[in-house]
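Q: Could you take a close look at the salt bridges in this model, and at the pocket that one of their residues helps to line?

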Amino acid sequence: RREREMSLSCYSTSLLLFCVQQEDTDHNYYTSKTYGPTDPMSKDLWVNVDQMDKDKVKIHGILSNTHRQAARVNLSFDFPFYGHFLRDLTVATGGFIYTGDVVHRMLTATQYIAPLMANFDPSVSRNSTVIYFDNGTALVVQWDHVHLQDNYNLGSFTFQATLHSDGRIVFAYKEIPMEVAQISSVNHPVKVGLSDAFVVVHRIQQIPNVRRRTIYEYHRVELTKTKITNSTAVEMMPLPTCLQFTSCDSCISSQINFNCSWCHLLRRCSSGFDRHRQDWVDNSCPDETKDKSCDIISTTQLDPFITTLVAKTTGQSRSRGETTTARASSSTSRPPTSVPTEGKTTNICPKADNSNQCLDAAERKDTHPLHTGLILGILVVLLIMAAAVLVTVYIYHHPTSAASLFFIERRPSRWPAMKFRRGSGHPSYAEVEPVGQEKEGFIESEQC
């Protein structure tokens, strides 16, 4: 595995922990090229939505009239992003596209495509709109005449992001009334570039049945803000990743920027750093890929199966041999009515006793403890239910007692709540903070 030095800064919400790397500007996943105002490519890369099919051009009504909103947009094609194929994205009013599956209140942290992320507020002007267009091979999202909420007088910004089905990403800028580096990031992050992360779910030991998601940003592309002016464009081309290899041989023999490894259990090629990181670790793929040999790993995987098969065959042969011996001895003499088998204790009845009576007695001995345990269990449950009813009645009639105050302070309305929603094909949730906590966040829109 290719080791990279990177520093992490982590910050958390109630059930989300973000770890974001600092100053990672290497282009291992993408190569970028910037075109200036005088370069003809700048004009060629700008998509004029006015000339597109009007039936396919959509002005999002909610995003065009609100602040800090995000809405899901379905794609008509598979868009490769960091080697992963995406079918739906989340467009935000803040000048970026969120690419993660889990929709939370801190969309600006990571997993984004940001032509110009800033504190844009389309609601402050009637001319501000958020437009998107999908022609089957590319998605164009345009923030048209949007203003900064905390600096409206500077003028409007017009820019767009185009996502092509081959993974190519284009940022095009038409109107940039000020230097991007001078935009204030006090009320909203200011970013230009790409980011991706993997999500790991941890159990919280103190709270049963509650899990915490940790989002690790494993790569970021940061573009130079000083080069973004009027009539400029940036084109980013995807580089090969380990995820594109579908066999063990092609995976371990690949000659790309990553040290690819093959996991036989998942039948997946990876560098260990992608969105499937948790599956990679949970299935012990890092240990399996140390040998770097397809044949050795395959043989190792077959060993448990062969060992189990031999054990079963030996056990069957042994039991058959014992049965044959028992039958042979029964034909010559009168042994006990039952023969002990390996790993099992059997009661033997005297010869003179009736075998049916012996079996009935054995069954009664086995079932008697079972019935007793069942009756005791039912009694315990009834006692618990009766105690719960009595406590409830007592609390209801004595609201100022210590027990009542104890449960009132821990009532569910004081717990951090999680609202689950069904998105377009992927489950998503919006995090709700306890009362009194303020933070930067986005709300997912359900309608267009």
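A: In this predicted model, the structure holds 6 salt bridges. Three pairs and one network are taken up here in turn, followed by the pocket.

The pair that leads to the pocket is R275 with D196, whose closest N and O atoms lie 2.8 Å apart in a salt bridge. This pair links distant parts of the chain, since R275 sits in the loop between strand 17 (268-270) and helix 3 (277-282), while D196 belongs to strand 13 (residues 191-203), 79 residues apart. R275 counts as buried because its relative accessibility is 16%, and the cut-off for buried is under 20%. D196 counts as buried as well, because its relative accessibility is 0%.

A salt bridge also joins the side chains of D78 and R87, with an N to O distance of 2.7 Å. Here the setting is partly exposed: D78 has a relative accessible area of 37%, and R87 has a relative accessibility of 41%. Both residues are classed as partly exposed because their values, 37% for D78 and 41% for R87, fall between the limits of 20% and 50%.

The side chains of E217 and R220 form a further salt bridge, at 3.0 Å from N to O, and both of these residues are buried. They do not stand as an isolated pair, for E217, R220 and E222 are linked in a network of salt bridges.

Turning to the pocket, the largest one holds about 400 Å³ of space. Its lining is made up of 18 residues, and those closest to the centre are D101, F198, V199, R275 and H276. R275 therefore appears in two roles, as a partner of D196 in a salt bridge and as one of the residues closest to the centre of the largest pocket.

As for the elements that build this lining, strand 6 (84-92), strand 13 and helix 3 each supply at least two residues. Strand 13 gives the most, with 4 residues, and strand 13 is also the element in which D196, the partner of R275, is found. By class, the lining of the largest pocket has 9 nonpolar, 5 polar and 4 charged residues.

Taken together, the salt bridge between R275 and D196 involves a residue of the pocket lining, R275, and a residue of strand 13, D196, the strand that gives the most to that lining.

How values were computed: Residues are numbered from 1 along each chain as its sequence is written. This is a predicted model: local features need pLDDT of at least 70, side-chain atom pairs count only at pLDDT 80 or more; totals for chains, interfaces and linings use all residues. Side-chain values use heavy atoms; hydrogens and water are left out. A salt bridge is a side-chain nitrogen of Lys or Arg within 4 Å of a carboxyl oxygen of Asp or Glu. Buried means under 20% relative accessible area, exposed over 50%, partly exposed in between (1.4 Å probe, protein chains only). On a 1 Å grid over the protein atoms alone, a cavity is a set of points where a 1.4 Å probe fits but cannot get out, and a pocket is an open set with protein on both sides within 12 Å along at least five of seven lines; lining residues have an atom within 4 Å of a point. Grid points are joined across faces, edges and corners, and a volume is the space filled by probe spheres set on the points. Ala, Val, Leu, Ile, Met, Phe, Trp, Tyr, Cys and Pro count as nonpolar, Asp, Glu, Lys and Arg as charged, and the others, Gly among them, as polar.
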